[in-house]
Amino acid sequence: MQKHLLSAGDLTAGDIARVLDTAAHLAKVTDRAIKKVPTLRGRTVCNLFFEDSTRTRISFELAAKRLSADVINFSAKGSSVSKGESLKDTAITLEAMGVDAIVIRHGASGAPWRLAEWVQAVVVNAGDGTHEHPTQALLDLYTMRQRFPSFDGLKVAIVGDVLHSRVARSNVLALTTMGAEVTLVAPPTLLPARVETWGVAVSYDLDAVLPKQDVAMMLRVQLERQRAGFFPSLREYARLYGLDGRRLDAMADHAIVMHPGPMNRGVEIAAEVADSIERSVIADQVANGISVRMALLYLLLGGPEVTT
Amino acid sequence: MSRLLLRGGRLVDPASRHDGTADVLVEDGRVVEVGSGLDGTGAEVVDCDGLVVCPGLVDLHVHLREPGREDAETIETGSRAAALGGYTAVCPMPNTDPVADNAGVVEMVAARGREVGLVEVFPVGAVTLGQRGSELAELGAMARSAARVDCFSDDGRPIREARLLRLALEYARAFDAVIADHAEDASLTDGAQMHEGEVSAMLGLAGWPAAAEEMVVARDLLLAELTGGRLHLCHVSTAGAVEVVRAARARGVRVTAEAAPHHFTLTDEAARSYDPVFKVNPPLREKADVEAVRLGLADGTLDAIATDHAPHAREDKEVEWATAPPGMLGLETALAVTLTELVEPGYLDLAVAVERLTVGPARCRRVSGHGGPVAPGAPANLAVFDPAAVWTVDRARLASRARNTPFHGRQLRGRVVHTLLRGVFTVCDGQATR
């Protein structure tokens, strides 16, 4: 594995397997009465969040704490510019405090790359702009692996605002690396330029795609996209691209439904689908996030090899 | 009386179609004789054997940041960078603070240029007040001022409203002035961070589609045709734009156009580093665009190489990509980049390359006394360069106050040895004289 985790595209199939295996091993810690191991004792992890994301921050915080690392939360809401201090100065400050890893969430695509140039610490991308969210992809893959024996030929539809989705980019990279067959489903206005070069199938017709899928990954659609004219109305979006009970029934019996959260119930996903005990693995995704992030911190901060 | 003899160089003077060994005798700031075996008695003799002697380079498009952002560049540091690049004339754009939209500012810029005395500074005035795109600035006052402005632009921003551009093109005819447009459909580039394509999609950066440039170029050409006004297109960067200009020229539209060295050298792939030193507007495009710009320069669809030299303070570029302002340095590398990227691979002959850097731009607007011909009576605005010298760009050693060159670390062929402004060395043996 590379020193930092910036892009899911930097991970080989071997890297991904190692993260998932390590996560499976560390998940057992969570089942114990005392949910803590001393592996990263004396190491410091900084959560540097320029955007609000309580769930991602808490997930990283729990992951680090269960490995006995010291955790500091540096939340700098808004851009570094509006705050008055530059990202570079923040980086220098954290470096001087001797942190071992920086988990960064930032509204600007590429910010973790800039940070990695300025610090010696390990940098983990916890979501940058409309670019990537590699730990989300890894926890999604972990969740899929709990249900399916292999990624080879696994059919995954990623549905919604692919254009602005960091979850979609990282998942496409990780899933194609593992040999899954990805189909992106969205209105043409919410697909990136030259998406045909991504090595995935593309469709505008959710009903045609769903029956063939093992996994339907629904993306959060943001209200501001409607205001910016990417689609005419939320109602029309829900009608064309929302996953409701009728569409769920059209899926294979073994197929699962995923969502990175937070959900817009009634828009990209109907409440009955989100709450479906047999089909929805959305709560599993959240739980698995902690194990996967434990595995990443463990591997990136150079813990001893775990044998499973 | 000062006499200077440039002896034994290869004189490349596109304006007189001269390309061959010749001596150039300079007296009191003017060329007095061009020929072989000239008598150097009483003259300082400069051995130019193995070197190219040509008219001083002319840059139609620079940002010198004075007044307003003297921490990024000043007329003095920018002039020194220009002289080191072989330039004797530069045209600073009006997007200063305050904007050069009135006689006072353009006169101040021109006067400061004269005071520094390293290159001749021909200011560009703003087309609209404050470059806000709503009402015409006093073009006449700037044209009639001591700065004698004959080129207007809202560069950095497009002239959004077709009606306003039409009026500007018509009104400027009274002064035989040129309107230089930055072609960008702002409604298609709102929030854009880089060229729209495969790379922008992967990097999650909002895209600036080629069509946003091409449709405005097409509009501008139609308005030039409608008004008979003089249109100049700044920094043409896409294959489609080159094609539209080529077709317009073929049917006789009065238009000139420029291209920047970074647009015929670098592609959007450079953005993968997320280093904003590669952020520029219009953005770095794709391989096919680079190729089209090269061919456009080769066949004369594009008249001029213009640097769009855009210095930025270090702290302004050491930030997240989306936060950084667009723009990159160009003055000290343009000649070498042209020789390395266009002449060496055979896109342009050396003489054509020199044309696109000298008389080509000089014909786009009045920059009297520059661009050649190197003939008796002409001011001795000259550059002498070693076409074989290989050097590596080091941003720490630039004369510009800023450091944002996209060519840092790149090995280039061709280096300026001397630059003369009205017969006086501004650069001698590769060093600025002041």
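Here are some worked exercises on the two-chain structure above.

The model is predicted, so local features need pLDDT of at least 70 and side-chain atom pairs count only at pLDDT 80 or more, while totals for chains, interfaces and linings use all residues. Residues are numbered from 1 along each chain as its sequence is written, and chains are lettered from A and ligands numbered from 1 in the order in which they are written.

**Exercise 1. Describe chain A as a whole.**

Step 1: start with the secondary structure. Chain A has 13 helices and nine strands. Helices (H or I, at least four residues) and strands (E, at least two) are DSSP runs, numbered from the N terminus.

Step 2: turn to the dimensions. The C-alpha trace of chain A spans about 55 × 45 × 35 Å along its principal axes. The radius of gyration is taken over C-alpha atoms, and the globule rule is 2.2 Å times the number of residues to the power 0.38. For 308 residues a compact globule would come out near 19 Å, and chain A agrees because its value is 19 Å.

Step 3: look at burial. A residue is buried if 20 or more other C-beta atoms lie within 10 Å of its own, exposed if 12 or fewer, and partly exposed in between, with C-beta atoms placed from the backbone. By that rule, 49% of the 308 residues of chain A are buried.

Step 4: check the contacts. Two residues are in contact if their C-beta atoms, placed from the backbone, lie within 7 Å. Of the contacts in chain A with a separation of 6 or more, 76% are between residues 24 or more positions apart.

**Exercise 2. Split chain A into its domains and describe the contact between them.**

Step 1: take the bounds, which come from an automatic or database domain assignment. Domain 1 of chain A covers 8-133 + 286-300, and domain 2 covers 134-281.

Step 2: place the two parts. Their C-alpha centres lie 25 Å apart. Domain 1 of chain A brings 23 residues to the contact, and domain 2 of chain A brings 20.

Step 3: find the elements on the domain 1 side. Helix H1 (13-31), strand E4 (122-128) and helix H13 (282-300) of chain A are the ones that give two or more residues.

Step 4: sort that side by class. Ala, Val, Leu, Ile, Met, Phe, Trp, Tyr, Cys and Pro count as nonpolar, Asp, Glu, Lys and Arg as charged, and the others, Gly among them, as polar. The side of domain 1 of chain A that touches domain 2 has 11 nonpolar, eight polar and four charged residues.

**Exercise 3. Characterise helix H13 of chain A.**

Step 1: compare its span with expectation, which is 1.5 Å times one less than the number of residues. H13(A) has 19 residues and reaches 27 Å from its first C-alpha to its last, close to the 27 Å expected.

Step 2: look for a bend, meaning the angle between axes fitted to the seven residues ending at a position and the seven starting there. H13(A) bends by about 30° at A:Asn288.

Step 3: check its cover and its end. In H13(A), 14 of the 19 residues are buried. Just after the helix, A:Gly302 has a positive phi of about 75°.

**Exercise 4. Repeat the domain analysis for chain B.**

Step 1: domain 1 of chain B is 3-53 + 377-432, and domain 2 is 56-364. The C-alpha centres of these domains lie 25 Å apart.

Step 2: the contact takes 30 residues from domain 1 of chain B and 44 from domain 2 of chain B. On the domain 1 side, strands E16 (382-392), E17 (411-421) and E18 (424-428) of chain B each supply at least two residues, and E17(B) gives the most, with seven.

Step 3: by class, this domain 1 side has 18 nonpolar, seven polar and five charged residues.

**Exercise 5. Describe how chain B meets chain A.**

Step 1: 17 residues of chain B are in contact with 22 residues of chain A. Helix H5 (residues 198-203) of chain B gives the most to the chain B side, with four residues.

Step 2: that side of chain B divides into seven nonpolar, five polar and five charged residues.

**Exercise 6. Locate the backbone features in the loops.**

Step 1: the peptide bond from B:Glu66 to B:Pro67 is cis, with omega near 5°. B:Pro67 sits in the loop between strand E6 (57-62) and helix H1 (75-84) of chain B.

Step 2: B:Asp28, which is not a glycine, has a positive phi of about 50°. B:Asp28 counts as exposed, with 12 C-beta neighbours inside 10 Å.
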